[in-house]
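These are my notebook entries on a single chain, taken in the order in which I looked things up. I began with the enclosed spaces and then turned to the side chains.

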Amino acid sequence: MYKTAEGFSRQSYMKGYVVIGPPSAGAFRERPYTPTTLRQVYDRGLLPLMVAHGGISNHITWRVDIQRLDYHYYLPLFFDGLRETHHPYELFARQGVHDLLQYGGDKILPVIPWLIIPIKKALNTRNPQVICTTLKALQHLVMSADMVGKALVPYFKNVLPIFNLFKNKNISTGDGIDYSQRKGQNIGDLIQETLEIMERYGGEDAFVNIKHMVPTYESCMSQ
């Protein structure tokens, strides 16, 4: 009789005892959902937009000129809504973020510090749909205006831990893989793509800061 690596004796194993592995840490388990501020504002009728029903897909239309909006209020609000997965809140958040980034120009850079917590919350949901939506929003954010990519570098420590966790995680169970393939949204590939954009637009300090948080990442600048 001798001890195995798990601390059980060979004799005990042969007698039919069940060897139970270590408990799961639940690193990839989705976190409980809480309604976002965007949902609350919409439910009160305070969002300056509405759903436009199209023949193929729905989209949103703004009731005001986007460039006249207070970006310090609305951009964090819509980034907070990225955690939503139900209609119409998910539609508002996803298209609202991209519309604001498209027309924001020099209004975006000063708001960067107020976007970090909403981005971190969205990634920390561990929800594959939410992560993919947030990664695409991050890509757009980095490329939206001058200096935004560099301004995000000090916040990599807040954002990239989830990147490191999911970088090699391809959705492989349940309906997740179907969703990923159907939408062209593979988390591992999107993370790699987002990291490369962050490096290209983040300046000379970007790669070192990415490498510190995601050790397996290799620079794309020499490719």
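Entry 1, the largest cavity. I sorted the lining of the largest cavity by class and found two nonpolar, three polar and three charged residues. The model is a predicted one, and I keep that in mind for every value below. The residues around this space are Gly 81, Leu 82, Glu 84, Glu 90, Ala 93, Arg 94, Gln 129 and Thr 133, and the volume comes to about 40 Å³. I then asked which helices supply at least two residues each of this lining. They are helix 4, spanning 89–104, and helix 6, spanning 128–143, and helix 4 gives the largest share with three residues.

Entry 2, the second largest cavity. My count of cavities of 30 Å³ or more came to two, and for the second largest I noted a volume of about 30 Å³. Its lining consists of Leu 138, Leu 152, Tyr 155, Phe 156, Val 159 and Met 198. By class I recorded six nonpolar residues, with no polar and no charged ones.

Entry 3, Asp 80. I next looked up Asp 80, which is found in helix 3, residues 71–80. Is Asp 80 buried or exposed? Its relative accessibility is 8%, and because buried means under 20%, Asp 80 counts as buried. Leaving aside residues up to four places away in sequence, I listed its contacts as Thr 36, Thr 37, Leu 38 and Pro 118. For Thr 37 I also noted that the backbone nitrogen lies 2.8 Å from a polar atom of the Asp 80 side chain.

Entry 4, aromatic rings. I counted five aromatic pairs. One of them joins Trp 62 and Phe 78, whose ring centres are 5.6 Å apart with 50° between the planes, and I entered this pair as tilted. The pair links distant parts of the chain, as Trp 62 sits in strand 2 (residues 59–62) and Phe 78 in helix 3, 16 residues apart. I found both Trp 62 and Phe 78 to be buried. For Tyr 73 and Tyr 74 the ring centres are 4.8 Å apart and the planes stand at 85°, so I recorded the pair as edge-to-face. Tyr 73 has a relative accessible area of 39% and is partly exposed, whereas Tyr 74, at 15%, counts as buried. Last, I noted one aromatic cluster formed by Tyr 42, Tyr 89 and Phe 92.

Terms used:
Residues are numbered from 1 along each chain as its sequence is written. This is a predicted model: local features need pLDDT of at least 70, side-chain atom pairs count only at pLDDT 80 or more; totals for chains, interfaces and linings use all residues. Side-chain values use heavy atoms; hydrogens and water are left out. Helices (H or I, at least four residues) and strands (E, at least two) are DSSP runs, numbered from the N terminus. Buried means under 20% relative accessible area, exposed over 50%, partly exposed in between (1.4 Å probe, protein chains only). A polar contact is a pair of N or O atoms within 3.5 Å; within protein, one must be able to donate a hydrogen and the other to accept it, and residues adjacent in sequence count only if both atoms are side-chain atoms. Contact means heavy atoms within 4.5 Å. On a 1 Å grid over the protein atoms alone, a cavity is a set of points where a 1.4 Å probe fits but cannot get out, and a pocket is an open set with protein on both sides within 12 Å along at least five of seven lines; lining residues have an atom within 4 Å of a point. Grid points are joined across faces, edges and corners, and a volume is the space filled by probe spheres set on the points. Ala, Val, Leu, Ile, Met, Phe, Trp, Tyr, Cys and Pro count as nonpolar, Asp, Glu, Lys and Arg as charged, and the others, Gly among them, as polar. Rings of Phe, Tyr and Trp (its six-membered ring) pair if their centres lie within 6.5 Å; planes under 30 degrees apart count as stacked, over 60 as edge-to-face and the rest as tilted.
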